[in-house]
Amino acid sequence: VVAAPDTDAIRHALREVVAKGLSVVQVVSRIVDEADFVGTENHAAGRTAGLMLSRMCRSSGSVLALCHSGSYEVHCARLRGFSDYLTANTPDALRFVFTAFGQDNRDLTARRLREALREWPDLAAIYNVGGANTAVFDVLSRLDRNIFLVGHELTDDSAQALRSGVADVIFDQMPEAQARRAIDIPFSRLGLIDVAIDNPPI
């Protein structure tokens, strides 16, 4: 079971072990098509984030995306879906202006968000594509105005942010179901469980 960034070296290594007949399951991010991937349909998730934002955000102004970097296909796919939807459907009052890279690091993400708030004082909405949700919640909770926030990973912290109004939409990625399926697929192939495992997007 592999969770890794999308680099040339990792793609080459994965294709090598798959060619040798080893069962490989990718989680978090799809790197090669030759191995199974367990997770959400991330382009659709990004489009859904764009849909929610365009229909629910009541403010006009700039739109920011936050993500780890360009290293994870999962984030790139979400961003493509988000951008595609907003380009085709968003009202003129909402403008997707920038993607900031925070490396899913709490301090760096908070710094990038504060920089964006200074650069675009009309910031109306944020799509947090990756992690470091608590950094985003902390920065937004200190503002004297509301900024619409869409993010991923339903945890105790993000549930509290929804209840308090700091976050508006949080997608539950069902990590327990992903972990179970990521184990069941190789177990099935090895004959350790006598069940064929379907693998649609979660």
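Which residue's side chain meets that of Asp36 in a salt bridge? I looked this up first, keeping in mind that the model is predicted.

**Entry: Asp36**

I found that the partner is Arg189, with an N to O distance of 2.6 Å. I then placed the two ends: Asp36 sits in strand S2 (residues 36-38) and Arg189 in helix H7 (residues 175-189), so this salt bridge ties together parts that are 153 residues apart in sequence. I also checked the accessibility of Arg189, which counts as exposed because its relative accessibility is 52%, and the cut-off for exposed is over 50%.

**Entry: salt bridges elsewhere**

I noted nine salt bridges in the structure. I looked at two others besides the Asp36 pair.

One of them joins the side chains of Asp138 and Arg142, at 3.1 Å from N to O. I compared each end with the cut-offs. Asp138 has a relative accessible area of 26%, so I logged Asp138 as partly exposed. Arg142 is at 65% relative accessibility and therefore counts as exposed.

I then asked which residues are joined into one network by salt bridges that share partners. The answer is Asp6, Asp8 and Arg11. Within this network I looked up the pair Asp8 and Arg11, whose side chains meet at 2.0 Å, N to O. Both residues belong to helix H1 (residues 8-19), and because they are three residues apart there, about one helical turn separates them. I recorded Asp8 as exposed, since its relative accessibility is 59%.

**Entry: helix H6**

I moved on to H6, which spans residues 156-164. Which residues of this helix are buried? I listed Ser158, Ala159 and Ala161. These three lie on the same side of H6, because the arc they cover around the axis is only 160°. For the other side of H6 I wrote down Asp156 and Arg163, both exposed.

Next I looked for what covers the buried residues of H6. The cover includes helix H5 (133-141) and strand S7 (169-171). I went back to the Asp138 entry at this point, as residue 138 falls in the range of H5; its salt bridge partner is Arg142.

Last, I checked what comes after H6. Gly165 follows the helix, and I noted that its phi is positive, near 90°.

**Entry: recap**

I keep three items from this session. The Asp36 and Arg189 salt bridge links strand S2 to helix H7. Asp8 and Arg11 share a network with Asp6. H6 has Ser158, Ala159 and Ala161 buried, with exposed Asp156 and Arg163 on the other side.

Technical notes:
Residues numbered from 1 in each chain as written. Predicted model: local features only at pLDDT ≥ 70, side-chain atom pairs only at ≥ 80, totals over all residues. Heavy atoms only, no water. Buried < 20%, exposed > 50% of the residue type's maximum accessible area, 1.4 Å probe, protein only. Helix = DSSP H or I, 4+ residues; strand = E, 2+ residues; numbered from the N terminus. Arc of directions from axis to C-beta. Contact = heavy atoms within 4.5 Å. Salt bridge = Lys/Arg side-chain N within 4 Å of Asp/Glu carboxyl O.
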